[in-house]
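Reader: I should like a close look at the charged side chains of this protein and at the pairs they form. Please set them within the fold as a whole, and treat the neighbouring buried positions as well.

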Amino acid sequence: MHTNDMTKGSPMKAIVQFAIPLLIGTLFQQAYNIVDTMIAGYNLGDDAIAAIGATSALYSVLIYFANGMNNGFGVVMSQLFGAGDIPSLKKAVSATIILNTVTTAVLTVTVLPFLQLLLGWMDTPQEIFAMAYQYIFVILAGMTATIAYNMCAGFMRAVGNSKTPLYFLIVSCAINIILDILFIMGLQLGIMGAALATVAAQIISAVFCAIYIVKKYRNYMPERTDWRLPGALVTEMLATGLSMGLMSSVLAIGSIILQKGINHLGKDIITAHTASRRIFEFLMMPLQAIANACSTFVGQNFGAKQFKRIRHAMGQVLWLELVWSILSVAAAFSCGTLLIRMLTGTDNEEIILNAVYNLKICTIFFFPLGILFVLRNSMQAMGYKIAPVLSSSIELAGKVLSCIFVIPVMEYTGVVLTEPVIWAVCAAFLSLVYIFRKATQS
């Protein structure tokens, strides 16, 4: 059984050691996304990339909500682990399983019948509509496996184990790529083959992850009496889970609205934006890994009431975010065009130029994005339930206003500038809230 008590020793060492497996895991995941895009682009053409990109925001709303809830449940579990309250931790595991089961059932039953209407509302271009529908239907039908894996990974991270979820993720990515090649290039299943490969790999990963937890963490697994849940614990888990779930889903709803604005600009812009997002998300992963590791560190130390240790660690983490932001800008400006050409296999200069343009502007604003990630995650772990959701609401409002007033006038330049400006505004808002609260508590 592997656990990691982050309430002792060097904060920076604990965070970095925890972040490295998270980073490797997310890099593998994004590497798969890039390979998936390359296989689809080289074998199915630009339309396949556009179809995947046109549906990604819709998928994100549902998965981000469910995974945001799991992150919230993980915060509670990390606090209980940090406090050494194992009986309550077992009950929290029970609550996590029950709440995930209900959430998954509700999302699956309520969304699948309305997919065509949702794609129509998003103004998905007719020439890629059928491909987009096939892809997203299969992906959403299999989201149970995605949520199950993230639930298992969330538990292990809460008790300080970020390595084992990495191993399962690497296996999942490898299976995914093999199945992509088999289904798309071998069996000629087209865009549906890409979706089936993703779902199959996620099912395998979730099953093996669950088996591992039952065998290795038996002391933390709920017994019969642990399924009778105290109201106070359920209330705390729901409050934290819904707070993080709403925060994540509001962000994703904003992405759907922004995608609607992008879809109006045509197939080539959709393809360019999708390609640049793949590389942008790859470069963004270290920012997220560091912030996620900081969240687990803060959760455990908050449970142990070591508040000075938390403040010291957050300052050091922001320096790491700054260093990576500078490196990302250098990579985007020196290698952006080469990366886009390699990723898409396209010779369409409009696609390449727009993709590189978006990549450069986004990376320039990486440091505000890093601040935003760290504060959102850490403040949730310290019990701030309202401010992070408000920052997400600001982001949603900004994307709505951009789609109504900015994108129709500035077209793709409006799209490119929307998210970076919002990151800076939201980072400033959370910084002021955190500084004010810290001043009033000192």
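Author: The account below begins with the overall fold and then turns to the charged residues and their surroundings.

The model is a predicted one. The protein contains 15 helices and 0 strands. Its C-alpha atoms occupy a box of roughly 60 × 45 × 35 Å along the principal axes. The radius of gyration is 21 Å, which agrees with the value near 22 Å that a compact globule of 442 residues would have. Of these 442 residues, 55% are buried. Among contacts with a separation of 6 or more, 85% join residues 24 or more positions apart. The protein exposes about 18,000 Å², and 69% of that area is supplied by carbon and sulfur atoms.

Against this background, the charges may be considered. There are 26 positive and 20 negative side chains, and the centres of the two sets are 18 Å apart. The salt bridges number 6.

One of the salt bridges joins the side chains of Lys-90 and Glu-223, with an N to O distance of 3.2 Å. Lys-90 belongs to helix H3 (residues 86–111), whereas Glu-223 is in the loop between helix H8 (190–216) and helix H9 (231–263), so the pair ties together parts that are 133 residues apart in sequence. The two partners also differ in their surroundings: Lys-90 has a relative accessible area of 15% and is therefore buried, while Glu-223 has a relative accessibility of 46% and so counts as partly exposed.

A further salt bridge is formed by the side chains of Glu-349 and Arg-341, at 3.0 Å from N to O. Here Glu-349 is partly exposed, at 40% relative accessibility, and Arg-341 is partly exposed as well, with a relative accessible area of 35%.

The side chains of Glu-395 and Arg-376 also meet in a salt bridge, at 3.1 Å from N to O. This pair links distant parts of the chain, with Glu-395 in helix H14 (residues 387–410) and Arg-376 in helix H13 (residues 366–381), 19 residues apart. Both Glu-395 and Arg-376 are buried. The two residues take part in a network of salt bridges that also includes Arg-277, Lys-399 and Glu-419.

Glu-321 presents another case. This residue lies in helix H11 (residues 307–344). Glu-321 is buried yet has no salt bridge, and the nearest side chain of opposite charge is that of Arg-376, 12 Å away. A salt bridge requires a side-chain nitrogen of Lys or Arg within 4 Å of a carboxyl oxygen of Asp or Glu. Apart from residues up to four places away in sequence, Glu-321 touches Pro-286, Leu-287, Ile-290, Ala-291, Phe-367, Gly-370 and Val-374.

Ser-325 is likewise placed in helix H11. With a relative accessible area of 4%, Ser-325 is buried. Its contacts, not counting residues up to four places away in sequence, are Leu-287, Thr-363, Phe-366 and Phe-367. Leu-287 and Phe-367 thus appear in the surroundings of both Glu-321 and Ser-325.

Helix H13, which holds Arg-376, is also where Met-379 lies. Met-379 is buried, at a relative accessible area of 0%. Leaving aside neighbours within four places in sequence, Met-379 is in contact with Tyr-384, Ala-387, Pro-388, Leu-430, Val-433 and Tyr-434. The C-alpha atom of Met-379 is separated by 22 Å from that of Trp-324, a residue 55 positions away along the chain.

One more glutamate merits attention, on account of its backbone. Glu-411 occupies the loop between H14 and helix H15 (412–441). Its phi is near 55 degrees, a positive value in a residue other than glycine. Most residues other than glycine have a negative phi. Glu-411 is partly exposed, with a relative accessible area of 48%.

In sum, the salt bridges described here fall in several settings. The bridge of Lys-90 and Glu-223 joins a helix to a loop, the bridge of Glu-395 and Arg-376 joins two buried residues, and Glu-321 is buried with no salt bridge.

Notes: Residues numbered from 1 in each chain as written. Predicted model: local features only at pLDDT ≥ 70, side-chain atom pairs only at ≥ 80, totals over all residues. Heavy atoms only, no water. Helix = DSSP H or I, 4+ residues; strand = E, 2+ residues; numbered from the N terminus. Rg over C-alpha atoms; globule rule 2.2 N^0.38 Å. Buried < 20%, exposed > 50% of the residue type's maximum accessible area, 1.4 Å probe, protein only. Contact = heavy atoms within 4.5 Å. Areas by Shrake-Rupley, 256 points an atom, 1.4 Å probe, with all protein chains shown as cover. Lys, Arg positive; Asp, Glu negative; His and termini not counted. Charge placed at Lys NZ, Arg CZ, Asp CG, Glu CD.
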